[in-house]
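Visitor: I would like a close look at a single part of this model, the open sheet and what packs around it. Please take me through it strand by strand, and then on to its surroundings.

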Amino acid sequence: SHSFKTIMTVYKFLGAKQFGEPRDVLKWGTLDTLPSVVNCAIEVLIRVAYVELNPVDLQKLKPHNKIGQVVPEDVLVTGYGGSGVVVVSPSSKNEEKQQRRFKDGDNVVFLADPRRPKGAYATHVVVDINCVSKIPIEISLEQAASLPLSGCTAYESLEKLSLSNNTNNSKKTTMKNLLIVGGAGGVGSWATLIARALYPELEILTTASSDMSRSWCRTMGSSRCLSGHDGSLLQQELEGGRRGSIDRILCLTEPTPELWKALCEIIRPFGVICLVVAGKSIANLDLGFLFFKSATVTTETVFSSQRTNYENGIVPSQEMDSMLKLLADGSIPRTPLNKAVSWKEALQDGGVLDQLASGHNQGKMIMK
């Protein structure tokens, strides 16, 4: 896993020159020059080994008001998380570089910036060092690749639910359970693994839509897996009303009116709900019942720290360091890696992009 160090000088990518449906606009391409490191003090050039596959990769290709338009740059390359090898490390004069200890040839995980036109569906990517973490020797490039975007989303969501290493002891003793709506995907799998590692006695309930997905959730550490994400089913399975029955809820599907009503019913007074999917339903959330329960609603998007230049104190590299440590010491027994495929298969009928677009996957898929 630590031999991926050959430096290529040709930039190969899977990208689009106009916005549209991914299967229509994505093409293979080659350039003679690698992506440019603009600020050598804080940026690192990485040769990509594996790229983490996420729904946002496809969403960036088809903004609803730009279909058919030419992309602003010469080519749009998506893909925002993965693993690889440092090709050009930051300037040795930079203090932060000394702290991060990156050098050419280091195996790393990275979270790419969606504001940049060239992401990780390519042989190389330029990344801010605040979003790069060195991989411990015990972990392979393949294992680590499923961590950045999904892992950081899960980590930040759990922090907002007061389920992290930083949670004070009084909150730890009062929290009895966590419900993860949509537990079988990448973020749900990472959230289950992290929460189980940090809170061995916590009851973790998950929802999943098939027997295979429910089995996957149990493998990740779920205490109990409920059938589907239907609001009426949740209310049948879990106690609602003024007292509720769930301390913390991580919602990884769109909070439709029916589902949202159920979440408001089952949340306990002073509980917390974290929303991760920003569908149309968030425009009309009814907060009435939550108001009288003094419950909190928070949201999570992993790219917020990049957009605000880390001014909120959330630094992805530190989050990835924490998760890699849990993996290295065995606190997290496995990564939620379901399938690793060659990027040559990406555009095939029924291939990885079609699977990703379907929205029905267990764990993480990565592309080599």
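Guide: In this predicted model, six strands form an open sheet in the order β10-β9-β8-β11-β12-β13, and their pairing is parallel. The edges are held by β10 (224-227) and β13, each of which pairs on one side only. Averaged over the sheet, and with direction ignored, neighbouring strands are turned by 20° against each other. Helix α10 packs on this sheet, where it touches β8 (177-181), β11, β12 and β13, and its direction makes about 140° with that of β12.

The pairing can be followed in detail from β11 towards the β13 edge. Strand β11, residues 246-251, and strand β12, residues 267-275, pair in the parallel sense over five bridges, and within this pair R248 stands opposite V272 of β12. Between these two strands the chain passes through α10, residues 257-266, in a β-α-β crossover that is right-handed. On the other pairing, β12 is joined to β13, residues 296-299, by four bridges, again with the strands running parallel. V272 also takes part here, since its bridge partner in β13 is T296; V272 is thus a convenient residue from which to trace the ladder, with R248 of β11 as a partner and T296 of β13 as another.

From β8 the view can be widened to the packing of side chains. The largest nonpolar core has 92 residues, and those touching the most other members are F110, Y121, L178, I194 and M367. Helix α7, residues 186-198, supplies the largest share of this core, namely seven residues. L178, leaving aside residues up to four places away in sequence, touches L158, L161, L163, A195, L202, E203, I204, L205, R248, I249 and L250. R248, already met as the residue opposite V272, is therefore also among the contacts of L178, contact being taken as heavy atoms within 4.5 Å. A further core lies apart from the largest one and has 20 residues, including L179, L205, L226 and L238.

M367, another of the residues with the most contacts to other core members, leads to strand β15, residues 364-367, which is covered on both faces: K364 and I366 on one side, and M365 and M367 on the other, are all buried. Four bridges join β15 to strand β14, residues 337-341, in the parallel sense, with A340 opposite I366. Strand β3, residues 43-52, is joined to β15 by two bridges and runs antiparallel to it, and here E52 stands opposite I366. Together with helix α14, residues 352-358, β14 and β15 make a right-handed β-α-β unit.

The cysteines complete the picture. A search of the whole structure finds zero disulfides. C152 is in none, the nearest cysteine sulfur being that of C131 at 8.0 Å, and C152 counts as buried because its relative accessibility is 0%. C264 is likewise in no disulfide, with the sulfur of C251 the nearest at 11 Å, and C264 counts as buried because its relative accessibility is 3%.

Conventions. Residues numbered from 1 in each chain as written. Predicted model: local features only at pLDDT ≥ 70, side-chain atom pairs only at ≥ 80, totals over all residues. Heavy atoms only, no water. Pairing = 2+ DSSP bridges. Right-handed = clockwise from strand over helix to strand, strands pointing away. Buried < 20%, exposed > 50% of the residue type's maximum accessible area, 1.4 Å probe, protein only. Axes fitted to C-alpha atoms, helices over the stretch in contact; angles between N-to-C directions. Core = buried A, V, L, I, M, F, W, Y, C linked by side-chain atoms within 4.5 Å. Disulfide = S-S within 2.5 Å.
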